[in-house]
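Trainee: I have a new model open and would like to talk through its helices and strands. Could we start with a term and then go piece by piece?

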Amino acid sequence: MIGSFEVKKNIYWVGTIDPAKKVFDLVIDSPYGTTYNSYLILDEKRVLIDTTEEKLAKEWLEKIENVIPAEEINYVVINHVEPDHSAGLKLLLEKNPNVTVIATPQAKILLKEVVNRDFNFMPAKDGMELKIGKRTLKFIQMPFWHWPETMMTYLVEDKILFPCDGFGSNYFEESFFYSKIQQKETYWREFWKYFRFVLAPFRKFIIQGLEKLKGLEIEMIAPSHGVIIDTREGIEKAFEVYEEFLKKPRNKIIIAYASAHGNVEKIAKAIHEEIGGELLDLAYASREEVLEKIDSAKAIFFGAPTLNGMTAPQTLEAMILLGLTPDWRGKRIALFGSYGWSGEGIPLLEEVAKKMRLKLYQPSFRVKFAPSEEEIEKAKKWARAFIETP
Ligand SMILES: Cc1cc2nc3c(=O)[nH]c(=O)nc-3n(C[C@H](O)[C@H](O)[C@H](O)COP(=O)(O)O)c2cc1C
Ligand SMILES: [Fe+2]
Ligand SMILES: [Fe+2]
């Protein structure tokens, strides 16, 4: 267990580490686990920024109490209500029911359901400042820098940004600071992944948020997952990684399919031959690869066989992952498949597409077992018609 350490004079890291968290938020593979960073600022007022996950709350509170008694904490800032940062509040309130919670007004409503009790509350309006002694906290509303209620906290005099999920990563080394970690490339990969899965789906809000942050002078980024970024170069790169992704063009045609015995694959290849684009065999692609491909798409073909009265899990998952790509609602898709006798696969995916409010091309294209030469020609015509439909 890593004990508390000073991030800067009188600002302590009192977070927890969860190396067993190999799958984060059920979608990101996180081989290094993650951390729930929490920060304790000692000034005339004592302020906690973010808490920790429920199962590590006891360890977290002990860590705080190694610095000061929990009863002495005046404020706890909850930047984001997702339980990985807010669950610890419940235990803190048991020890110190007088503490005042600072969060956005929207967060209060959600937070009540997390802790299931009353608490003193100060609403953080956008841009509001709070003097805590020599230092000043400034609260910046950042909707959808993961959830709708999310904000960031900026420590004015020290120029430290506490962005919670923003600029976070499922990566850490015991040295914790960007200037000291050894595996920088690995870190940036995990930093990118965290952004891609957690924040990038909210593209419009991320762009707005980045604009808002440009007005701040930032010397340190202290997120609530992973490495603390403490160099100018690191901070610039963090912004760059976000901006680069948001600028990427989305103009490709992707033909994504899963095929147990090659029949769906034959249709996929015929489509490819006819209209070009990029083939993606979903059975052999990682989630990251699937996302990278569908991120770049303006239109997507999804192919699947019927299996056991259902469909291929890979195709279903790829469609669900489409829900994590920016501006995905209304994305143009077409479905193709092969079946043996009952044929539920494509109708099931059609239902999913409708529920996701995708722009589904109709009709879908299906064959029984292996596509005949005639069916291959039909598939090509069908694919062309889809592509030529505005
Ligand atoms: C494990 C398995 C389960 C299947 N279950 C069904 C089924 O419930 N209903 C159906 O219509 N076809 C079913 N099929 C037949 C496939 O949908 C058909 O063989 C299709 O052409 C497979 O396409 P592929 O070669 O691209 O995998 C099943 C095939 C397999 C291998
Ligand atoms: Fe979150
Ligand atoms: Fe988080």
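Mentor: Happily! Axes here are lines fitted to C-alpha atoms, for helices over the stretch in contact, and angles run from 0 to 180 degrees between N-to-C directions. Keep in mind that this is a predicted model.

Trainee: Thanks! Are helices α6 and α7 parallel or oblique to each other?

Mentor: Take helix α6 (residues 203–213) and helix α7 (residues 232–247): their axes come within 11 Å and cross at roughly 140°. Angles over 145 degrees would count as roughly antiparallel, and 65 to 115 as roughly perpendicular. The crossing is also left-handed. The relation of α6 and α7 is therefore oblique.

Trainee: How many nonpolar residues does the contact of α6 with α7 have?

Mentor: From α6, the contact uses Arg203, Ile206, Ile207 and Leu210, while α7 brings Phe239, Tyr242, Glu243 and Leu246. Sorted by class, there are two charged residues and no polar ones, and the nonpolar count is six.

Trainee: Is strand β19 largely enclosed or exposed?

Mentor: A residue is buried if 20 or more other C-beta atoms lie within 10 Å of its own. In β19 (residues 297–307), nine of the 11 residues are buried, so the rest of the structure leaves this strand largely enclosed.

Trainee: Which residue in β21 is the bridge partner of proline 305?

Mentor: Let's place the neighbours of β19. Strand β17 (residues 252–257) pairs with β19 in the parallel sense over six bridges, with isoleucine 254 opposite isoleucine 300. Strand β21 (residues 332–339) also runs parallel to β19, joined by seven bridges. There, proline 305 has as its bridge partner serine 338.

Trainee: Which residue takes a positive phi in the hairpin of β19 and β20?

Mentor: β19 and strand β20 (residues 310–311) run antiparallel and are joined by two bridges. Leucine 307 stands opposite methionine 310. Two residues lie between the strands of this hairpin, and the one with a positive phi near 50° is asparagine 308.

Trainee: Which are the edge strands of the open sheet with the order β12-β13-β14-β15-β16?

Mentor: This open sheet has five strands, and its pairing is mixed. An edge strand here pairs on one side only, and the two are β12 (129–131) and β16 (220–221).

Trainee: And in β15, what is the bridge partner of leucine 155?

Mentor: Strand β14 (residues 151–155) pairs with strand β15 (residues 160–162) in the antiparallel sense, over three bridges. Opposite leucine 155, the bridge partner in β15 is isoleucine 160.

Technical notes: Residues are numbered from 1 along each chain as its sequence is written. Chains are lettered from A and ligands numbered from 1 in the order in which they are written. This is a predicted model: local features need pLDDT of at least 70, side-chain atom pairs count only at pLDDT 80 or more; totals for chains, interfaces and linings use all residues. Helices (H or I, at least four residues) and strands (E, at least two) are DSSP runs, numbered from the N terminus. Angles under 35 degrees count as roughly parallel, over 145 as roughly antiparallel, 65 to 115 as roughly perpendicular and the rest as oblique. A crossing is left-handed if the near helix is turned anticlockwise from the far one by less than a right angle, and right-handed if clockwise. Two residues are in contact if their C-beta atoms, placed from the backbone, lie within 7 Å. Ala, Val, Leu, Ile, Met, Phe, Trp, Tyr, Cys and Pro count as nonpolar, Asp, Glu, Lys and Arg as charged, and the others, Gly among them, as polar. A residue is buried if 20 or more other C-beta atoms lie within 10 Å of its own, exposed if 12 or fewer, and partly exposed in between; C-beta atoms are placed from the backbone. Two strands pair if DSSP finds at least two bridges between them.
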